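Could you walk me through this structure, one selection at a time? I have it open in my viewer and would like to know what to click on next.

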Amino acid sequence: MTKKSRSSFVTRHMDALQLTSAIGFLLLVGFYASLTGANVLGLSSTAVWLLIISAVVGGYMAMNIGANDVANNMGPAVGSGAMTMGWAIVIAAVFEAMGAIVAGGEVVGTIKGGIIDSKQITDATLFAWVMFAALLAGALWLNLATAIGAPVSTTHSIIGAIMGAGIAAGGWGLVNWGTIGSIVVSWVVSPLMGGAIAAAFLYVIKRSITYRNEMTVAATRAVPWLIAVMAWAFGTYMLLKGVGQLVKVPFWSAFLLGALFAVVVWAVIRRPIARLAVRQDNSKDGVNKLFTWPLVCSAALLSFAHGANDVANAVGPLAAIYEAVKAGAIATKAATPMWVMLLGALGLAVGLALYGAKLIRTVGKEITELDNMRAYSIAMAATLTVIVASQLGMPVSTTHVTIGAVFGVGFLRELLKVNYAKMEAVVFAGHQGEDRAEVEAYLQRFEAAEVQEKKRMLADMKRRARLHEAAEGAVFAKKEQKALKKAYKKELVKRSAVLRIVAAWIVTVPATAVLAAILFHLVSAVLG
């Protein structure tokens, strides 16, 4: 057996094992739901079957959330090398499940963000069909997105699906179009905000550490402050978005408690970071090692908060269906039974373990090259953007924010590479006719120089280039100048990945809406 055929054999068996495990999980969910339905007095066989199928679809939705959405938290840490794929899957699975169970909340809103006006639906059975169609449409779309390697918003998937099923059930007047409009605005605002913040943090790191002659000495001063800022952001974030599901914490209280936590963290880590820094090489690789554990902790905390918040996308509609078939009532807020919450938590973990690696690889490796400092900037951007947006009442997607932050880091790298190439061109122009070894020695000194010294050296080279041009004519002809500009462009962000992901974002809400409307008509035709 050749190496290629062996690899193909292993891949086929892995695919079969993944599919078998997923089906096994969903069969167990259906079996447990049948026992639960049998214990509810007065349920018709149709209602029991609707509950069983809805539970299976809810588990399927949770698996797809785990496979697609969790990559936002783990992708940068894996892509930077801060943790392996195996450890990322284990840590994410544990913390996602903990977040769903511990802080998932006793009450889950079944109408996500007030997308439709449930008061216009008077029939509880019809309402259950709407939720079922939405749940299945959202899950199918996420499955497709995961298969093509496109990280999309699970929140927007279920929102579009509820909108489409609601329109099919009660017409266009059922939809809260103001909410839909704010979601469309967030498609543009959230990735741009995430990209700008990530680029800003990365530039601060470069100016304060990696553009210095003595990187480890600079890191000794700067890294404890950077980690303290991360502790403040994550402390605030967890109080608002994680623990906030259990106990409502006012924003300013969370802000001040996060700041207090940051001061404590800075005092604790300052000396250990200094000792660790002096043992590292005076290089970017040495500085990167100082960010490893903060990245691992941030990924775990983001997973906890994600499990606490986004498990509702799977179990919220299921809780509504359960309430409708059990009590014949339409619940805009439904008390979620523990078995439903456990189903969501386990579904997140199972989906991540079986299918999460593909999207983690896409986010961490296929858009742009990441290291620990860049991953730190992405984590900070995701956290701060969600905090700011939540206070402004803007419904942002963590997927859009994180991917926008990855784009921001990549495009900043491109900009810096272009600027540095132009600086090199100035150096060469100022050394016209000189020995190559002398030019290369000057370039080495230029690369090692700090920012202010670089500016002085560039000014000197520009003056020399102008004198040379005045004496002997233009250093570069127009055609050569155009060629140089083209050569400066180094694409460090894969455009094909950008286009694929943005296209998936744009079509998510309309695609799930159309799919949910079709499924609603099919369900009502079969069960009606």
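Before we start clicking, here is one idea you'll need: a patch is made of residues with over 30% relative accessible area and no salt bridge, and nonpolar side chains (Val, Leu, Ile, Met, Phe, Trp, Tyr) are joined into one when they lie within 5 Å. Also keep in mind that this is a predicted model.

**Stop 1: the whole chain.** Show everything as a cartoon. You're looking at a protein chain with 19 helices and two strands. It has 528 residues, and buried ones make up 54% of them. Now switch on the surface: the accessible area is about 24,000 Å², with 66% of that belonging to carbon and sulfur atoms. How do the contacts run along the sequence? Take those between residues at least 6 apart in sequence: 84% of them join residues at least 24 apart.

**Stop 2: the nonpolar patch.** Select Trp-87, Val-90, Val-94, Met-98, Ile-101, Val-102, Met-338 and Leu-342. Together they form a nonpolar patch on the surface, with about 720 Å² of accessible area. Which helices supply at least two residues each? Color α4 (85–103) and α13 (338–366) and you have them. The largest share comes from α4, which gives six residues.

Zoom in on Val-90, which sits in helix α4. Its relative accessibility is 43%, so Val-90 counts as partly exposed. That is over the 30% a patch residue needs.

**Stop 3: the positive patch.** Next, select Arg-270, Arg-271, Arg-275 and Arg-279. These gather in a surface patch of positive charge. Pick out Arg-270 and follow the backbone around it: you're in helix α9, which covers residues 251–278. Is Arg-270 buried or partly exposed? With a relative accessible area of 33%, Arg-270 is partly exposed, and that value also passes the 30% cut-off for patches.

**Stop 4: the salt bridge.** How many salt bridges does the structure hold? Just one. To find it, select Arg-374 and Asp-371, and show their side chains as sticks. The closest N and O atoms of the pair are 3.6 Å apart, inside the 4 Å limit for a salt bridge.

Now turn the surface back on around these two. Arg-374 has 12% relative accessibility, so it counts as buried. Asp-371 comes in at 13%, so Asp-371 counts as buried too. Buried here means under 20%.

Notes
Residues numbered from 1 in each chain as written. Predicted model: local features only at pLDDT ≥ 70, side-chain atom pairs only at ≥ 80, totals over all residues. Heavy atoms only, no water. Patch = residues over 30% accessible without salt bridge, like charges linked within 9 Å, V, L, I, M, F, W, Y side chains within 5 Å. Areas by Shrake-Rupley, 256 points an atom, 1.4 Å probe, with all protein chains shown as cover. Lys, Arg positive; Asp, Glu negative; His and termini not counted. Charge placed at Lys NZ, Arg CZ, Asp CG, Glu CD. Helix = DSSP H or I, 4+ residues; strand = E, 2+ residues; numbered from the N terminus. Buried < 20%, exposed > 50% of the residue type's maximum accessible area, 1.4 Å probe, protein only. Contact = heavy atoms within 4.5 Å.
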